[in-house]
Amino acid sequence: MAANRYLSVPELHARARELAALRPDLCTLRQVGTSRAGRPLHLLSVGRCASAVLVVAGAHANEPTGGSTLLTLADWTVRDPALRDGTSWHFLLCADPDGASLHRTPAPRTLLEYHRHFFRPAGPEQPEWSPSVLPPDRLPPETLALKGVIDELRPYVQVSLHCTDLGGSWVQLTRDIPGLAEPFARSAARLGIPVETGASDAAGWPESGPGVHVLPGPGSAAAYPSLPEDARHTTWHHAHRYGGVTAIVEVPMWASDLVDDVSAHPAPGAALRGFARRLRHDAGLVEEVLGDALPRLAHADGPLLRAARWALDLVPGLADDWGRLPPAGTSRAYIGSVDAFGRRLPLRAAAMLLRVLRECDDPAAPRLDRLVTWWSEAFAERFRARWVPLAHQVEHQARTTVEAARHARVRGG
């Protein structure tokens with residue numbers, strides 16, 4: 001595995017093919033579906049046991065660490081018989097190859113460079129999240145392929161590999177996996193990766209340990225009611241019908257040592273109201289550029305523009321939530337996580353719209369370019385961003401995956 005850059009989907013497939021050819025007695029590589037654009041979805045399997053672990057990479061196009069982690073795990077399972085003792089391992093190389101083809105970050109050096117080539121699909125086009133916003137008869141083929149793999153393998157644990165641009169590491173569980181929190185924290189500490197103790201993605205969720213969050217059950221209220229996605233309706237829960245559990249393992253590309261401060265914020269409500277005002281203002285700047293350019297973009301309604309508009313459409317409701325609801329958390333870490341989320345949303349919309357404008361050689365591009373530059377640099381400065389070596393991202397995510405599988409197997413008996 002290349003230790004200094006992220007791998008493309010063709011490179012992932014080539015490495016998986018080499019591994020399968022090296023150990024045909026243990027490994028199989030097969031196609032399990034096709035994307036909307038006709039790209040193949042590949043599954044690498046190691047071992048023959050009925051008791052299965054499923055590892056999914058590439059569910060979000062802008063989160064490239066998982067592919068390298070997946071290859072590392074596949075290599076470990078081939079080399080270490082103890083990992084295969086009574087268990088087979090299955091690796092979905094990339095859940096969204098179309099999205100991966102649009103987000104290009106082989107070796108970003110700064111957050112600005114990362115956003116220069118940014119893409120994250122609109123919610124209905126994300127394979128894990130689409131069931132939360134679409135009816136069953138409209139699910140994209142990538143989602144159907146992922147659900148089909150789960151139906152076939154019936155994994156006792158599914159691990160979805162994600163990464164955040166800036167922050168810390170955390171884990172989300174659809175059911176508790178007792179004992180996971182300790183090795184997760186130990187791995188993060190050994191590699192100098194902060195544990196994100198107040199991740200806004202898991203606002204209001206019970207904690208199994210610092211940075212390890214368990215999804216609330218049916219009937220619990222969402223922290224941000226305006227957001228259309230509901231984690232309880234994603235493919236993460238599809239494993240439950242077979243008694244399985246899903247762990248979502250997040251690692252940061254850039255770390256911030258401000259995300260693990262559990263001390264009380266002095267004025268959490270006022271802070272959130274301030275974030276709401278900034279969010280409306282920043283999104284308004286992007287909306288102005290979009291409104292000016294839209295008449296000239298009649299033939300540019302592709303995934304980048306759809307995703308930018310999806311992100312902007314989330315802003316009014318989310319700003320309302322932050323302005324009127326009591327904070328879901330009051331620690332400095334949680335308020336900082338909301339701050340980061342409020343910076344990401346308009347920045348990502350601006351970054352994707354900028355790519356559209358540049359492709360069309362639109363005169364509004366320079367204005368948006370200044371915003372993307374300014375916001376990227378301010379984001380990095382506010383959170384004191386420091387690059388996490390890719391080898392550390394991968395090792396932590398891989399170790400946490402192995403521990404999740406081990407403890408989930410003990411839990412399941």
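This is a short dialogue on reading strands, helix packing and backbone angles in a predicted model.

Student: Let's start with strand 9. Which residues does it span, and how many of them are buried?

Tutor: Strand 9 covers residues 245-255, and eleven of its eleven residues are buried.

Student: Which way does strand 5 run relative to strand 9, parallel or antiparallel?

Tutor: Strand 5, residues 157-167, pairs with strand 9 in the parallel sense. Ten bridges join the two. Take one position: Cys163 has Val251 of strand 9 as its bridge partner.

Student: And in which sense does strand 6 pair with strand 9?

Tutor: Antiparallel, through four bridges. Strand 6 is residues 170-173. Here Trp170 is bridged to Glu250 of strand 9.

Student: How many bridges link strand 9 and strand 10?

Tutor: Two, in the antiparallel sense. Strand 10 is residues 386-387. Look for Trp254, whose bridge partner in strand 10 is Trp387.

Student: Now helices. What describes a packed pair?

Tutor: Two values: the angle between the axes and the distance between them. Now the case here. Helix 7 (residues 268-293) and helix 9 (residues 332-359) pack at about 5°, with axes 9 Å apart. Angles under 35 degrees count as roughly parallel, so helix 7 is roughly parallel to helix 9.

Student: Which residues make the contact?

Tutor: From helix 7, they include Leu272, Phe275, Leu279 and Val286. From helix 9, they include Ile335, Val338, Leu345 and Leu353. The contact residues divide into 18 nonpolar, one polar and four charged. Among the helix 7 residues in contact are Arg278 and Asp282. Helix 9 brings Asp339 and Arg343, among others.

Student: What sign does phi have in most residues other than glycine?

Tutor: Negative. Two residues here are worth checking against that. Asp361 has a positive phi of about 55° and is not a glycine. Arg384, also not a glycine, has a positive phi near 55°.

Student: Where do Asp361 and Arg384 lie?

Tutor: Asp361 sits in the loop between helix 9 and helix 10. Arg384 is in the loop between helix 10 and strand 10.

Student: Why does Asp361 count as exposed?

Tutor: Because its relative accessibility is 69%, and exposed means over 50%. Arg384 also counts as exposed, because its value is 62%.

Student: One last residue, Val394. Is Val394 buried or exposed?

Tutor: Buried, because its relative accessible area is 2%, and the cut-off is under 20%. Val394 belongs to helix 11, residues 390-412. From Val394 to Glu287 is 107 residues in sequence and 37 Å in space, C-alpha to C-alpha.

Technical notes. Residues numbered from 1 in each chain as written. Predicted model: local features only at pLDDT ≥ 70, side-chain atom pairs only at ≥ 80, totals over all residues. Heavy atoms only, no water. Buried < 20%, exposed > 50% of the residue type's maximum accessible area, 1.4 Å probe, protein only. Pairing = 2+ DSSP bridges. Axes fitted to C-alpha atoms, helices over the stretch in contact; angles between N-to-C directions. Parallel < 35°, antiparallel > 145°, perpendicular 65-115°, else oblique. Contact = heavy atoms within 4.5 Å. Nonpolar A, V, L, I, M, F, W, Y, C, P; charged D, E, K, R; others polar.
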